[in-house]
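Reader: I'm new to this one. Could you walk me through some of the labels people put on it, and how each label is earned?

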Amino acid sequence: MQDGASPQAKITRLIDNVSRVILGKREAVEHAVIALLCGGHVLIEDVPGVGKTMLARSVARSTGCSFGRIQFTPDLLPSDITGVSVYNQQSGEFEFRPGPIMAQMVLADELNRTTPKTQSALLEAMEEHQVTVDGVTHPLPRPAMVLATLNPIEYEGTFPLPEGQLDRFMLRISLGYPDAATEVSVVEQQVLRHPIEALEPVVSPEEVVELQEHVRQIHADRTIMEYAVALAQVTRRHPEAELGASPRGSLALFRVSQALALLRGRDYVLPDDVKGMAVSVLAHRVIVPPSARMRGLDGRTVVEGALEEVAVPGARSGQRAPAR
């Protein structure tokens with residue numbers, strides 16, 4: 001499926017294709033594609049029935065990637081995710097039976113419904129793009145991406161995600177309810193069949209890998225890097241934050257800013273690219289105590305405060321970021 005289109009044109013084509021299924025949520029679709037271009041993973045936190053699963057399936061279909069789905073339940077075992085080694089009596093050797101994590105695009109549905117031990121089975125795959133079973137390391141196919149869903153309104157029978165697990169998600173997004181006109185279009189679109197059944201690949205997995213390389217070539221001045229790091233550091237100094245954004249978070253913010261610049265047709269990063277992605281990248285990495293949440297303080301407000309506090313690169317001395 002190789003063609004002579006520019007990287008920006010391929011990315012836009014991919015976003016347009018996914019948006020044929022996920023109506024009225026272009027920003028969320030863009031963020032999911034940006035994470036894919038950075039080799040990152042996405043946490044989709046929203047109420048039931050707004051299209052979280054369809055978003056994952058649409059991205060997989062639009063890229064021609066293999067798709068695996070893991071329905072997380074309390075009795076799920078780590079081996080149900082990674083796979084197992086089975087003894088073959090004919091050959092006299094153990095053979096690896098891969099689990100669903102070995103697909104290129106993996107939907108981790110209701111991730112918080114399983115125990116932290118089973119959740120941790122994803123950690124190696126998400127960070128190192130490999131799994132180790134019985135001492136043998138198996139690399140994941142490229143591209144490799146995990147899209148995990150959470151239902152924020154149900155707490156019975158769920159387990160909190162460990163901080164290390166949260167930190168491995170490059171972005172957190174939500175879809176939200178559509179407006180009335182969009183919801184009518186969703187219903188109308190599915191009168192005869194679901195639109196995802198007609199969705200065809202518009203880029204190949206190989207082209208996705210090439211686009212990931214293009215992202216890394218996008219120029220960013222050192223001041224841009226310092227800006228991303230400064231935002232992360234401010235979240236760590238917040239008096240009510242138990243845990244601020246990690247160095248992995250500032251690196252993720254820098255990387256997605258490169259991808260956003262490429263999407264916008266530029267070969268260089270602007271401070272606005274960093275500002276536009278800061279909340280989606282950093283907010284879920286900031287942990288605040290329950291007492292602060294009861295007063296309306298959460299990771300998002302901490303990051304928004306950091307955006308107001310940290311000077312924008314290139315601004316006049318003493319000038320801060322405009323209020324968002």
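Reader: Why is valine 202 called buried?

Author: This is a predicted model, so every value here is computed from it. Buried means under 20% relative accessible area, and valine 202 comes in at 17%, so it counts as buried. As for its place, valine 202 is in the loop between helix H8 (180-189) and helix H9 (205-217).

Reader: How far is valine 202 from isoleucine 15, in sequence and in space?

Author: They are 187 residues apart in sequence, yet the C-alpha atoms are 9.7 Å apart in space.

Reader: What makes glutamine 119 buried?

Author: The same kind of check: the cut-off is under 20%, and glutamine 119 has 0% relative accessibility, so it is buried. Glutamine 119 is found in helix H5 (residues 116-119). Leaving aside neighbours within four places in sequence, its contacts include Leu111, Phe159, Pro160 and Gln165.

Reader: How far is the backbone oxygen of threonine 114 from a polar atom of the side chain of glutamine 119?

Author: That distance is 3.0 Å. A polar contact needs a pair of N or O atoms within 3.5 Å, and 3.0 Å fits inside that limit.

Reader: And aspartate 273, is that residue buried or exposed?

Author: Buried, because its relative accessible area is 3% and the cut-off is under 20%. Aspartate 273 lies in helix H12 (residues 271-282). Beyond its neighbours within four places in sequence, aspartate 273 touches Ser257, Leu260, Ala261, Arg266 and Tyr268.

Reader: Why is the pair of tyrosine 87 and phenylalanine 94 called edge-to-face?

Author: Two checks. Ring centres must lie within 6.5 Å to pair, and these are 5.3 Å apart. Planes over 60 degrees apart count as edge-to-face; here the angle is 65°, so the name fits. A search of the whole structure finds 1 aromatic pair.

Reader: How exposed are tyrosine 87 and phenylalanine 94?

Author: Phenylalanine 94 has 60%, and exposed means over 50%, so it is exposed. Tyrosine 87 has 44%, which falls between the two cut-offs of 20% and 50%, so it is partly exposed.

Reader: How do you know that H10 and H11 meet?

Author: Contact means heavy atoms within 4.5 Å, and residues of H10, including Met225, Leu231 and Arg236, meet residues of H11, among them Pro247 and Phe254. By class, that contact has 8 nonpolar, 1 polar and 1 charged residues. The axes of H10 (residues 222-237) and H11 (residues 247-263) come within 9 Å and cross at roughly 145°, and the crossing is right-handed.

How values were computed:
Residues are numbered from 1 along each chain as its sequence is written. This is a predicted model: local features need pLDDT of at least 70, side-chain atom pairs count only at pLDDT 80 or more; totals for chains, interfaces and linings use all residues. Side-chain values use heavy atoms; hydrogens and water are left out. Axes are lines fitted to C-alpha atoms, for helices over the stretch in contact, and angles run from 0 to 180 degrees between N-to-C directions. Helices (H or I, at least four residues) and strands (E, at least two) are DSSP runs, numbered from the N terminus. A crossing is left-handed if the near helix is turned anticlockwise from the far one by less than a right angle, and right-handed if clockwise. Ala, Val, Leu, Ile, Met, Phe, Trp, Tyr, Cys and Pro count as nonpolar, Asp, Glu, Lys and Arg as charged, and the others, Gly among them, as polar. Buried means under 20% relative accessible area, exposed over 50%, partly exposed in between (1.4 Å probe, protein chains only). A polar contact is a pair of N or O atoms within 3.5 Å; within protein, one must be able to donate a hydrogen and the other to accept it, and residues adjacent in sequence count only if both atoms are side-chain atoms. Rings of Phe, Tyr and Trp (its six-membered ring) pair if their centres lie within 6.5 Å; planes under 30 degrees apart count as stacked, over 60 as edge-to-face and the rest as tilted.
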